[in-house]
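This report looks at how some strands are arranged and at what surrounds the ligand. Please have the sequence and the model at hand while reading.

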Amino acid sequence: MEILSGLEAESVLRKGMEMSTQPTMKKDDLIVIGGAGGFIAGALTCYFHGRGFTRIRAIDKKPLPDWYQRVPGVESLCLDLSERANCVRACEGAVEVYNLAADMGGMGFIERFRIECLRSILINTNLIEAAYRAGVQRYFFSSSACAYNTELQKDPHCRALKESDAYPAMAERGYGWEKLMSEMFCQEYWAERGMKTFIARFHNVYGPNGTWDGGREKAPAAICRKVIEAKDTGNKEIVVWGEGTQTRSFMYIDDCTKGIDMITHCEDLIATPINLGSSELISINELVSIAEEIGGIKLQRKYDLTAPRGVAGRNSDNTMIKRILNWEPKTPFREGLAKTYAWIEQQYQDRKAGKATVRENYQAGGA
Ligand code: NAD
């Protein structure tokens, strides 16, 4: 990967400063956000809106009532971005485009639905071309730590993954390979066509307003929900996927949105994949203990060794982000999980009381 190493080498020479947001943007520049009915892009829409950006176009293929967050004053469209014509419509007049649309979920989803995950390549392929043709100034792509070589993640006490560890490539089947190919599209749109692209490799993101049941949820939300259910039903047992020794780092949503903004407005990071994740390593067993503490309950653990468990260990090496942005995701896991738990508990109670909550209605295979 000549492009990556060249830009990285150049970046080393420059000293980073913590960025203030949008150095070059006007408040009425049009920002387009794909996947905005989902967790991270929904939060990103709120983030930009909260910073006074007056023209935001939020897009998702889910029907509007199923979006986690709908922000007043934001143009919200239900469009399937795997279709070329919809991408052209989405990018009309855009100054910046953020692609966070993907058919994805936690381990249970990405191990079972590899074809759906691979098909997300259509979204980035069509959206980046439409963005280029529309003369977009900056294009952001949400990649994943699943793009890293799985051979390096066989030990729960793994060394943290640094950006160069994606090659030689042996990404997570399906989901990880789609991310790696889409990253390459982003790099080539800069190298061949001069469009500024930005690529963050997210490590597990969690927080309120995300999937917490239905099969696509990730470990922090799933464990919170199981603790809440156990308290509610009085069945003091919790099923943990695998032996519980798998380790991960988890990034709180507010760090994620801030990181996306900083990365997309950093000239040193054009077409350069960078980790965006916490470097606080947590085992699944520790995650369960923290959720139990928050819920004020102790549960009997049952380990399901047949369940999907993913790689043995994965952490984010934040050397590069600290060097270039002089920043890294900082929210302590316990603090972020307490907020997430409180939100899921409210959703749980509301649903039980028959109040409207956002359900994950949209199923795999519906592409
Ligand atoms: P999410 O499932 O909550 O949101 C993704 C959204 O994309 C969904 O609302 C979905 O309806 C939408 N979408 C799917 N196909 C679409 C299409 N063809 N057209 C328009 N919209 C479509 O997931 P998220 O957690 O918010 O993830 C956002 C991005 O971040 C994804 O690219 C994901 O791969 C990446 N990522 C997330 C995590 C994480 O921990 N959540 C980790 C690594 C990478």
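## Strands 1, 2 and 3

Strand 1 (residues 31-34) and strand 2 run parallel and are joined by 4 bridges. Within this pairing, Ile33 has Ala58 of strand 2 as its bridge partner. The model is a predicted one. Together with helix 2, strand 1 and strand 2 make a β-α-β unit, and this unit is right-handed.

Strand 2 is also joined to strand 3 (residues 75-78), again by 4 bridges, and these two strands run parallel. Here Ala58 stands opposite Ser76 of strand 3. Ala58 therefore appears in both pairings: as the partner of Ile33 and across from Ser76.

## The cover around strand 2

Why is strand 2 described as largely enclosed by the rest of the structure? Strand 2 covers residues 56-60, and 5 of its 5 residues are buried, so the rest of the structure largely encloses it. A residue counts as buried when its relative accessible area is under 20%.

In a regular strand, side chains alternate between the two faces of the sheet. In strand 2, one side holds Ile56, Ala58 and Asp60, while Arg57 and Ile59 are on the other. These residues are all buried, and both faces of the strand are covered.

## The shell around the ligand

The ligand has 28 residues around it, and those that come nearest are Ile40, Asp60, Asp80, Tyr175 and Val205. Asp60, one of these, is also among the buried residues of strand 2. By type, the shell divides into 13 nonpolar, 8 polar and 7 charged residues.

Which elements each supply at least two residues of this shell? They are helix 2 (39-50), strand 5 (138-144) and helix 7 (175-193). Strand 5 gives the most, with 3 residues.

## Polar atoms beside the ligand

Two lysines place side-chain atoms beside oxygen atoms of the ligand. In Lys218, an N or O atom of the side chain is 3.0 Å from a ligand oxygen. In Lys62, a polar side-chain atom lies 3.5 Å from an oxygen atom of the ligand. Ala102 takes part through its backbone, where an N or O atom lies 3.3 Å from a ligand oxygen. Taken alone, the ligand exposes 810 Å², and the protein buries 97% of that area.

## Thr197 in strand 6

Thr197 belongs to strand 6 (residues 196-202). Is Thr197 buried or exposed? Thr197 has a relative accessible area of 0%, so it is buried. The side chain of Thr197 reaches the backbone oxygen of Cys186 at 2.8 Å.

Definitions and conventions
Residues numbered from 1 in each chain as written. Predicted model: local features only at pLDDT ≥ 70, side-chain atom pairs only at ≥ 80, totals over all residues. Heavy atoms only, no water. Near = heavy atom within 4 Å. Polar contact = N/O pair within 3.5 Å; in protein donor to acceptor, adjacent residues only side chain to side chain. Areas by Shrake-Rupley, 256 points an atom, 1.4 Å probe, with all protein chains shown as cover. Nonpolar A, V, L, I, M, F, W, Y, C, P; charged D, E, K, R; others polar. Buried < 20%, exposed > 50% of the residue type's maximum accessible area, 1.4 Å probe, protein only. Pairing = 2+ DSSP bridges. Right-handed = clockwise from strand over helix to strand, strands pointing away.
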